[in-house]
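User: I am new to this structure and would like a close look at a single part of it. Please take one residue and set it in its surroundings.

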Amino acid sequence: MNQNQLAGRDGRFLRRYEYDTHWLVAADMPVDDEQVSVDIVGSTAIVVVDTGDRVNETELGLPGSNATAALNNGVLTIRVDK
């Protein structure tokens, strides 16, 4: 397993793990799960956070196009099969 870790300007972390069969991208989200939506379009994940006062959209380039996303207790995971 290989691991990459990136920190944004706000100190939140994005981690990417590489396994034999897939990649896994994990991100800590600062809001409730209900405030986050994720769309996968080709090899891009579009993450929208709607707090009611503000909407923030982020695009993440993925290492492939066969991806699924899940959100659980403030942790966004995106699995990309090789």
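Analyst: What follows starts with the whole chain and then turns to one residue, Val80.

The model is a predicted one, and its protein has zero helices and eight strands, so that, read from the N terminus, the elements run β-β-β-β-β-β-β-β. Of the 82 residues of the protein, 26% count as buried, while the protein exposes about 5500 Å², of which carbon and sulfur atoms supply 43%. Among the contacts between residues at least 6 apart in sequence, 31% join residues at least 24 apart.

Val80 itself belongs to strand E8, which covers residues 75-81. With a relative accessible area of 0%, Val80 counts as buried, because the limit for that word is under 20%. Once its neighbours within four places in sequence are left aside, the residues in contact with Val80 are His22 and Trp23, together with Leu62, Pro63, Gly64, Ser65, Asn66 and Ala67. To take one of these partners, His22 stands 58 residues from Val80 in sequence, and yet the two are 5.5 Å apart in space, taken from C-alpha to C-alpha.

Another of these partners, Trp23, is in contact with Val80 and also has Lys82 lying over the face of its ring, at 5.1 Å from the ring centre. As for pairs between aromatic rings, the count comes to zero.

In short, Val80 is a buried residue of strand E8, in contact with residues that include His22 and Leu62.

Note on methods:
Residues are numbered from 1 along each chain as its sequence is written. This is a predicted model: local features need pLDDT of at least 70, side-chain atom pairs count only at pLDDT 80 or more; totals for chains, interfaces and linings use all residues. Side-chain values use heavy atoms; hydrogens and water are left out. Helices (H or I, at least four residues) and strands (E, at least two) are DSSP runs, numbered from the N terminus. Buried means under 20% relative accessible area, exposed over 50%, partly exposed in between (1.4 Å probe, protein chains only). Contact means heavy atoms within 4.5 Å. Rings of Phe, Tyr and Trp (its six-membered ring) pair if their centres lie within 6.5 Å; planes under 30 degrees apart count as stacked, over 60 as edge-to-face and the rest as tilted. A charge sits over a ring if NZ of Lys or CZ of Arg is within 6 Å of the ring centre and within 35 degrees of the ring normal. Accessible areas come from the Shrake-Rupley method with a 1.4 Å probe; for residues, only the protein chains shown count as cover.
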